[in-house]
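Dear colleague,

I am passing on the structure below, together with some notes on what turned up when I went through it. Please read them alongside the coordinates and the sequence.

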Amino acid sequence: KVQRQNPIALRAAARLRVRATAAVRDNMGSNAFDQMVDGLLALEEKVQCQFQHEAHHLGWLEDDGDSDELAAGTMLDLPVYLAERLKSNGHVDVLTPRYYSAQIRNSLRADAEVVNLREKNEFYFVHGLKVAALTDDDQLTETLSRAFSERYKRMLDTCLTGADVDPSGLTHRLSSTETNLFMIGLAGQRDYQRWKARQAGEITACDVIKQQPKRARLARIANGNRAA
């Protein structure tokens, strides 16, 4: 029997979740927090799995399943976090999604910069590394690493030379991870341009430096002075 929830308690719990999320974001820094969220959302992306044997009490995984069992050979689209557990126990084989096909890989090798990855999967690189691990596909890992490196160089060049242009001409092709990195770099370049034009106040530490313990920062400064 489902009990009715107290609406006041629900609102209080919601406020606590908002405060907890804000606290985590402040503690980690917005950039690290965004990357963590991307990683969690990528685990929700689905991959096609084929069951290697009859699975008891998993019939509910099928949308129209009226049986308590899954027959051997059943194909289902499952979220990555569930596929990882089933794969590790030898229950399923994971199939490579079509947006990591040989044709797409060839396009990435030929000219990674022009490929629209957002229309294929918003978390293309993060999800792709998960797929590569689940399918033991070292070639996919290598292709993704090389493509990300090439696309990153283009993003960096645009950040340094196009701080005043509309970024949408580039971001519509970028994955979520790339977009976060690009916007961080663009904001930094714009801040630098404002400071250079004497339109900004004092220089403050970036999020990455703020996240490091004070003792580590002091040690790095001391080592720099000693080297000088």
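On the surface of this predicted model, Tyr 152, Leu 156, Leu 160, Leu 181 and Ile 184 form a nonpolar patch, and together these residues have about 420 Å² of accessible area. Two helices, helix 6 (138-161) and helix 8 (176-196), each supply at least two residues of the patch, and the largest share, three residues, comes from helix 6. One of the patch members, Leu 156, lies in helix 6 and has a relative accessible area of 40%, so Leu 156 is classed as partly exposed, a class that runs between the 20% limit for buried residues and the 50% limit for exposed ones.

Another leucine that you may wish to look at is Leu 40, which is found in helix 2 (residues 30-42). Because its relative accessibility is 51% and the exposed class begins over 50%, Leu 40 counts as exposed. In sequence, Leu 40 and Tyr 81 are 41 residues apart, while in space their C-alpha atoms are separated by 9.4 Å.

Lastly, there is a point of backbone geometry at Asp 136, a residue placed in the loop between helix 5 (124-135) and helix 6. The phi angle of Asp 136 is near 55 degrees, which is a positive value in a residue other than glycine. With a relative accessibility of 63%, Asp 136 also counts as exposed.

With best wishes

Technical notes: Residues numbered from 1 in each chain as written. Predicted model: local features only at pLDDT ≥ 70, side-chain atom pairs only at ≥ 80, totals over all residues. Heavy atoms only, no water. Patch = residues over 30% accessible without salt bridge, like charges linked within 9 Å, V, L, I, M, F, W, Y side chains within 5 Å. Areas by Shrake-Rupley, 256 points an atom, 1.4 Å probe, with all protein chains shown as cover. Salt bridge = Lys/Arg side-chain N within 4 Å of Asp/Glu carboxyl O. Helix = DSSP H or I, 4+ residues; strand = E, 2+ residues; numbered from the N terminus. Buried < 20%, exposed > 50% of the residue type's maximum accessible area, 1.4 Å probe, protein only.
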